[in-house]
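Please open the model in a viewer and keep the sequence panel visible. The tour below proceeds by selection, each stop stating what to pick and what is found there.

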Amino acid sequence: MKALRYLMVFFLTGALAFLHSCVESDSPFPNFQDAVNMRIVVDPNFSTINKEDPSAAKVVLDFFSENIEDVQEISLDVDFFDFSEGTTSSRSFLRTVDPASFQDGVLRGVEISFDEIKNALGLQVEDFDGLDQVTIYNTTTLKDGRVYPSVIQVNNEVAINNVTPNIQNSAATTSFTSKIVVFVQCPLPEGFATGKYVLEQVSGPADPFFGNDYRWSPGEVTLNATGPIQRTFTGKYFTFDQDFTFVVTCGILVVSRTDSGLSCGGPSLVFVQDGINEYTDDKEFTVTLLDNVDGACGLPVNEPLTIKLTKVE
């Protein structure tokens, strides 16, 4: 596991060196053009659609760009994921955002109503149920004709996306947001699924690096509300601090695919939800996962793992 730590430091150092080379003014590539910066942040108070009163819902977005003067058009599209059916609609045009409406690279409080979303998708109110998802996609076109995101054909065998993960995940002033996901949710009581919980791994594989009988260390964690239905805690995964994020609404708990960032030089250790996790209250949550779905560190792939969170009274 010490080698894993060294590898992480090595890759981080390399990434920082790469970013430094990109911002040098005396670039060895004289025809290098700056990429677009278009960061979109959703207001956490207007980031979901209330299943019990969808017609009153709206999504509120803030836009940030350091090179807005180079932007010709910001176009937003939308699609719809039906959780119960497991199907996703085709994308539909939602609206454009005028670059001229930015002030000093910032545009705040862009409101998108539920009716606007519903009409763009061609759906009715009754089509929206708990944990359905509306995804809003950003396509930004520069005045020189470049479009982000888009696929660039390098040669007959190689094609790359011009909005890479390191750009999407970088700082707010330098990154590009390609999409915003909005859940259909049921209102939660004040303080629901927040505060102190005892975390324990009740089944699943052991830690082969440090000899523990578990990969998620037992102990007390704090659940924080990072959105109306989103909760996050920090636990110990393979003895390293690991953020764990999930949503709870309408009696269902959902964990997104999570990349731990831990690796042995190849794929990272990644976990995803296994099956459907249900709950009746916030006193206890049982979460079933598939661990190491990408086959990192020579470990078995898709190992079932279950953790339990018990509220500290």
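With which residue does Lys308 form a salt bridge? The partner is Glu200, and the closest N and O atoms of the pair are 3.8 Å apart. The model is a predicted one, and the distances quoted throughout are computed from it.

**First stop: the pair and its strands**

Select Lys308 and Glu200 together. Lys308 belongs to strand β22 and Glu200 to strand β13, so that the bridge links parts of the chain 108 residues apart. Both side chains are partly exposed: Lys308 has a relative accessible area of 22%, and Glu200 one of 29%. Now display the two strands in full, residues 195-203 for β13 and 303-311 for β22; they pair in the antiparallel sense over six bridges. Within this pairing, Glu200 stands opposite Lys308.

**Second stop: the whole sheet**

Extend the selection to the sheet that holds these strands. Ten strands, 10 in the order β18-β19-β21-β22-β13-β14-β15-β16-β17-β20, form an open sheet with antiparallel pairing. Its edges are β18 (258-263) and β20 (277-278), each of which pairs on one side only.

**Third stop: further salt bridges**

A search of the whole structure finds 10 salt bridges. Select Asp294 and Arg257, whose closest N and O atoms are 2.5 Å apart. Asp294 sits in the loop between β21 (284-291) and β22, and Arg257 in the loop between β17 (252-255) and β18, so this salt bridge ties together parts that are 37 residues apart in sequence. Asp294 is partly exposed at 34% relative accessible area, whereas Arg257 counts as exposed at 53%.

Next, select Arg215, Asp291 and Glu303, which are linked in a network of salt bridges.

Then move to Lys58 and Glu111, whose side chains meet in a salt bridge of 3.2 Å, N to O. Lys58 lies in strand β3 and Glu111 in strand β7, 53 residues apart. Each is partly exposed, Lys58 at 26% relative accessibility and Glu111 with a relative accessible area of 43%.

**Fourth stop: the nonpolar cores**

Which residues have the most contacts inside the largest nonpolar core? They are Phe63, Ile74 and Val134, in a core of 34 residues. At least two residues each come from β3 (58-64), β4 (71-82), β6 (92-97), β7 (106-113), α2, β8 and β12 (179-185). The largest share, five residues, is supplied by β4. Apart from this core lies another, of 28 residues, which includes Leu269, Leu289, Leu299 and Leu309.

Return to Ile74 and show its surroundings. Beyond its neighbours within four places in sequence, Ile74 is in contact with residues including Met38, Phe63, Ile68, Val97 and Phe102, as well as Arg95 and Asn138.

**Last stop: a buried aspartate**

Finally, select Asp132, in the loop between α2 (114-121) and β8 (133-142). Which side chain of opposite charge is nearest to Asp132, and how far away is it? It is Lys51, at 8.7 Å; Asp132 is buried yet has no salt bridge. Backbone nitrogens do lie by its side chain: that of Phe83 is 2.8 Å from a polar atom of the Asp132 side chain, and that of Asp129 is reached at 2.7 Å. To complete the view, show the residues that Asp132 touches more than four places away in sequence, among them Phe80, Phe81, Ser84, Asp127, Val182, Phe183 and Val184.

Terms used. Residues are numbered from 1 along each chain as its sequence is written. This is a predicted model: local features need pLDDT of at least 70, side-chain atom pairs count only at pLDDT 80 or more; totals for chains, interfaces and linings use all residues. Side-chain values use heavy atoms; hydrogens and water are left out. Two strands pair if DSSP finds at least two bridges between them. Helices (H or I, at least four residues) and strands (E, at least two) are DSSP runs, numbered from the N terminus. Buried means under 20% relative accessible area, exposed over 50%, partly exposed in between (1.4 Å probe, protein chains only). Lys and Arg count as positive and Asp and Glu as negative; His and the chain ends are not counted. A salt bridge is a side-chain nitrogen of Lys or Arg within 4 Å of a carboxyl oxygen of Asp or Glu. A polar contact is a pair of N or O atoms within 3.5 Å; within protein, one must be able to donate a hydrogen and the other to accept it, and residues adjacent in sequence count only if both atoms are side-chain atoms. Contact means heavy atoms within 4.5 Å. A nonpolar core is a set of buried Ala, Val, Leu, Ile, Met, Phe, Trp, Tyr and Cys residues joined through side-chain atoms within 4.5 Å.
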